[in-house]
Amino acid sequence: MLFRLFKKLVTPSSPSKKIGRGILVFEHTSDVIRAEKVLKAKGWKVAVMGPPPEIRTGCDLVIEFPLIEELAIIKTLQESNTSPLQVVPVTSALLNPVNIYTTRDYGDYLMVRAANMKITIDKKTLTIVNISGGGCPDVPYLAGELVGKQLSEAPHPGDIGHTLCGYALQLAYEEIKRQCSPL
């Protein structure tokens with residue numbers, strides 16, 4: 001009985017509700033990137049999202065995490081010198097973080113946008129046909145390294161890019177690979 005009650009408290013009652021989730025707010029995007037790496041390396045299920053308007057700080061990204069893990073996550077981040085500015089429980093629809101992914105199906109082509117970066121593939125061959133967006137100096141280099149290669153052969157943008165655009169392209173790359181993987 002107690003387990004069912006606990007499960008009801010932390011399990012969303014519908015897909016649109018995120019009960020039991022919190023948001024880590026950081027000052028800089030680089031802090032979000034570092035925190036995400038640290039937390040995922042420790043096995044936590046976290047997601048980089050867009051901040052809701054009510055808690056925007058200038059950084060265009062936040063980390064959504066399981067609220068029940070707050071103390072352990074904060075301790076882990078403090079040990080890696082990456083402390084958030086604030087921790088906000090998701091208590092209403094207004095505080096839900098915003099999905100940073102957009103997918104467009106153009107028939108023969110599929111495009112995924114993450115933040116300001118887009119990756120487009122040929123759905124039949126899984127070949128990357130376009131990289132666009134952003135304004136960072138490494139975007140042309142990233143496009144040159146990725147366009148014309150199949151998803152399975154292309155380098156990870158996060159391994160060869162060194163800017164926020166490279167990071168956003170890595171997120172788009174991971175999402176398009178997820179969408180194209182067989183169930």
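**Exercise 1. List the residues that line the second largest pocket of this predicted model, then sort them by class and by helix.**

Step 1. Start with the lining. D60, L61, N99, I100, R113, A115, N116, L164, Y167, A168 and L171 line the second largest pocket.

Step 2. Sort by class. Seven of these lining residues are nonpolar, two are polar and two are charged.

Step 3. Find the main contributor. α6 gives the most to this lining, with four residues.

Step 4. Add the volume. The second largest pocket holds about 150 Å³ of space.

**Exercise 2. Describe the largest pocket: its volume, its central residues and the helices that line it.**

Step 1. Take the volume. The largest pocket holds about 300 Å³ of space.

Step 2. Look at its centre. The lining has 15 residues, and I33, K37, G158, Y167 and Q170 are the closest to the centre.

Step 3. Assign the helices. α2 (29–41), α5 (157–160) and α6 (164–180) each supply at least two lining residues. α6 gives the most, with five.

Step 4. Sort by class. The lining has three nonpolar, seven polar and five charged residues.

Step 5. Link to Exercise 1. Y167 appears in the lining of the second largest pocket, and Y167 is also among the residues closest to the centre of the largest one.

**Exercise 3. Work out how α2 is built and what its buried residues pack against.**

Step 1. Check the length. α2 has 13 residues and reaches 18 Å from its first C-alpha to its last. That is close to the 18 Å expected at 1.5 Å a residue.

Step 2. Pick out the buried residues. They are T29, D31, V32, I33, A35, E36, V38 and L39. I33 is thus buried and also one of the residues closest to the centre of the largest pocket.

Step 3. Find the partners. The buried residues of α2 pack against β1 (21–25), β2 (47–49), β3, α3 and α6.

Step 4. See what comes after the helix. G43 follows α2 and has a positive phi, near 95°.

**Exercise 4. Which residues touch the most other members of the largest nonpolar core, and which elements supply that core?**

Step 1. Name the hubs. The core has 41 residues, and L24, L77, I119, I128 and I131 touch the most other members.

Step 2. Name the elements. α2, β3 (62–66), α3 (70–79), β6 (109–114), β7 (117–122), β8 (127–133), α4 (139–146) and α6 each supply at least two residues of this core. α6 gives the most, with eight.

Step 3. Zoom in on I119. Leaving out residues up to four places away in sequence, I119 touches L110, M111, V112, I128, N130, I131, L169, A172, Y173 and I176.

Technical notes
Residues are numbered from 1 along each chain as its sequence is written. This is a predicted model: local features need pLDDT of at least 70, side-chain atom pairs count only at pLDDT 80 or more; totals for chains, interfaces and linings use all residues. Side-chain values use heavy atoms; hydrogens and water are left out. On a 1 Å grid over the protein atoms alone, a cavity is a set of points where a 1.4 Å probe fits but cannot get out, and a pocket is an open set with protein on both sides within 12 Å along at least five of seven lines; lining residues have an atom within 4 Å of a point. Grid points are joined across faces, edges and corners, and a volume is the space filled by probe spheres set on the points. Ala, Val, Leu, Ile, Met, Phe, Trp, Tyr, Cys and Pro count as nonpolar, Asp, Glu, Lys and Arg as charged, and the others, Gly among them, as polar. A nonpolar core is a set of buried Ala, Val, Leu, Ile, Met, Phe, Trp, Tyr and Cys residues joined through side-chain atoms within 4.5 Å. Buried means under 20% relative accessible area, exposed over 50%, partly exposed in between (1.4 Å probe, protein chains only). Contact means heavy atoms within 4.5 Å. The expected span of a helix is 1.5 Å times one less than its number of residues.
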